[in-house]
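Here are my notes on this one, jotted down as I went through it. Have a look at the model first, then read on.

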Amino acid sequence: MESNNSQSLVEIRKKLKQLLVTSLSLEGVKPEDIKDDEILFGEGLGLDSLDAVEIVVLLQRNFGLEVKDMSQGKKIFYSVDTLVNYIYENQKK
Amino acid sequence: MNINGIGIICNYGRGIDAVKSALDNGQAQEILSSRVNDDILKDKIFSKDARRSDRFDRMAVLAALDALSDAGINCEVENNDIGIILATSFGPHVTTFRFLDDILTYKEADVSPILFSHSVHNAAVSYISSLAGIRGPTLTVTRFSRVFDQALILAKAWLEQKKVRFVLVGAVDELSCIMEYIVNPKASSELGEGSVFFIVSEEKCSKIYSQADSLTSCFASQTEPIQSAFSCAAAIVLKIH
Amino acid sequence: MSTPVVISGMGAICAAGKNIEEISASFSAGQRAPQLPTLFSTALDYPVFEVKGFSARAGIMRTLALAFTAAAEALTEAGFSQGLRGMRAGVCLGTTVASQLNNESWYTEYKNTGSASRGAVDIYLKGNIAEAFSEKFEISGPALTVVNACSSGSDAIGVALSWLQFGLCDIVIAGGADELNHVPYCGFGALGVASRQPCMPFDRDRSGLNLGEGAGILVLEKESSARKRGSRSTLYVTGCGAAADAYHLTAPRPDASGLEMAVRSALSQSGIKESDIAFINAHGTATRDNDKAEGRLFARMFGPKVKFISTKGFTGHTLGAAGALEAIFAALGLKKGWIPANIGFANTDEELGVAPLREKTVIKGSYALSTSLAFGGNNAALIIEQKR
């Protein structure tokens, strides 16, 4: 059970990084080059408000997740890690 | 009204020199009717803030920035004194249809906001003004015929009223199979794709290509065949050369 | 402005009414009825402001039909019921929906089979609203459709002023129109700026916009031409300022410096000061960002007691029609001597430093300002004068 969850976390991380690169047109960035603790907004990947709403849709389409309360958004969307953990903890089994 | 700078993106490449060599090789007609190779649109300016721009936006941005540079205009100094008018016949329709694809493929709540925000006609001018730092009035206009003529006349009106000192006036159109199907080649004249921007002013800058005052009267017959805005503007470039 | 420009006719249609008097009655009664869409089927639950009991005849886009309805009212008032043949006239109109082939069933057929019926295509190719107006009203002068997103209607009026000042024509039919359509309905929802409640412009708890539909048409005319024809209108457009944010594709500049430049330009063209403005018809979409930026600018430029309202609580955000409708509402406010309450507002947002009018308010004074901010960073400011 333990190893299945860990695997799932690794898969989520890989899938998310790929989706970020393609959906947000991160030109010249390879998914494998994105650090796990990379900050999404401001520094780090330098995403903006339009990317934020695109990520909301990305979560809905690919993981079946809704971000119902955008005031939680700041914590969830802080870094690749926080986003991955959110998906892992909330994904539909 | 002087033309102080020109930028052009067409199937033969980027910039006046690309057009010149095509003209020298007797390829004028192909400029007006061919597709733009995507390699021509590669530029490092699209790697950061403009990374989400679509093909229509990129053609517009490159021609517009090239025109500014050709005219030797320093946007940091002149930024409030430059206006932008972009004329298009078909707009960023490729992205519009990609957004329709999203609506048809996914649930309504799962459509891409990036695609939607790029499916509006004025996204290209937003990119030009942001990348160049231009704060003057900006306008996107559309008709199926003679839209570039009207844009040029409006640019002259802006200069006359001293609304701005320079106008970055241009035309952009993109082609696709679906637009060719919609317009139906029998009914249309020219459906080329590409982008042309002129810097016009009443000023004597270091460069003056031509006077643009012999403008078509706008009191002409309104029944015109469908033409891409790009074709009209490109024809002017060819005339100047 | 060197050539005075008179408003010799106005016409409007939106959810608040099918003509100016009906709209005025809704404003006076403080009534609105946003509801879920009936024009298309949807699982989304954002309320909208539809024009009830209105349908386009077969063969034309709803946007164009709305525009023609408003135009009929405006042209009748101006004395041009028979059209504009032989006049030195132009047309400039703003839109967003009508510039695109947003027909899902047509596109589905095309995707599945590689071809599709010409009906929808013909409607689209004959649907450029400026071209269609030229043909219907026999307008032989300049004609342009402005596609500047939410400021299109205001910007179209700005183009008309430029043409008139330049001497290209004596009369311009100017304004904007947009129908409620499923495509932008999904789009604004995806952007996270649509509200699930009736919109609350400038309110502390506002949660986004409601889409609407409609058309606003003005007949703008050189004063000399209007007087020659016997028009006694005392409404003028005295200034139109426009400036770009150069900031972001969907977010306005937080400091509203683009809008400030546009407003200052309009004031300068009109030869007046901030204190001459009797009231402001704001853009006021009820999004968090717009209302904050705009509200703080009003506080900064006009002081905390500035009289302003957003009429989008009555009409929804009518996109390409908004700037034109709101110019008409500003003119109406001056003419009738009152403006409606900012419907939907209940609690002051302390971050703004200002609050809109909570009640129908008597207006004294000769000048009104109408502001528009668009996605892509266009800002427009119009000043209307009622000569007393």
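1. Start with strand β3 (residues 89-94) of chain C, in a predicted model: six of its six residues are buried, so to speak mostly covered. Buried here is 20 or more other C-beta atoms within 10 Å of a residue's own, exposed is 12 or fewer, and partly exposed lies in between, with C-beta atoms placed from the backbone. In a regular strand the side chains alternate between the two faces of the sheet. For β3(C) both faces are covered, with C:A89, C:V91 and C:L93 buried on one side and C:G90, C:C92 and C:G94 buried on the other.

2. What does β3(C) pair with? Six bridges tie it, in parallel, to strand β5 (residues 171-178) of chain C, where C:I171 is the bridge partner of C:A89. β3(C) also runs parallel to β4(C), with four bridges between them, and C:V91 sits opposite C:A143 there. Pairing needs at least two DSSP bridges between the strands. Helices (H or I, at least four residues) and strands (E, at least two) are DSSP runs, numbered from the N terminus.

3. Now follow β4(C) to the other chain. Strand β4 (residues 138-142) of chain B joins β4(C) through two bridges, antiparallel, and B:V141 faces C:V146.

4. The wider contact between these chains draws 54 residues from chain C and 46 residues from chain B. Elements of chain C that each give at least two residues to the side touching chain B include β4 (143-146), α6 (152-166) and β8 (235-244). The largest share, six residues, is from α6(C). By type, that side of chain C has 30 nonpolar, 20 polar and four charged residues. Nonpolar covers Ala, Val, Leu, Ile, Met, Phe, Trp, Tyr, Cys and Pro; charged is Asp, Glu, Lys and Arg; the others, Gly among them, are polar.

5. As for chain C overall, there are 12 helices and 14 strands, and 64% of its 388 residues count as buried. Its radius of gyration is 20 Å, which agrees with a compact globule of 388 residues, expected near 21 Å (taken over C-alpha atoms; the rule is 2.2 Å times the number of residues to the power 0.38). The C-alpha trace spans about 60 × 50 × 40 Å along the principal axes.

6. Bookkeeping: residues count from 1 along each chain as its sequence is written, while chains are lettered from A and ligands numbered from 1 in the order written. Because the model is predicted, local features need pLDDT of at least 70 and side-chain atom pairs pLDDT 80 or more, while totals for chains, interfaces and linings use all residues.

Note on methods: Two residues are in contact if their C-beta atoms, placed from the backbone, lie within 7 Å.
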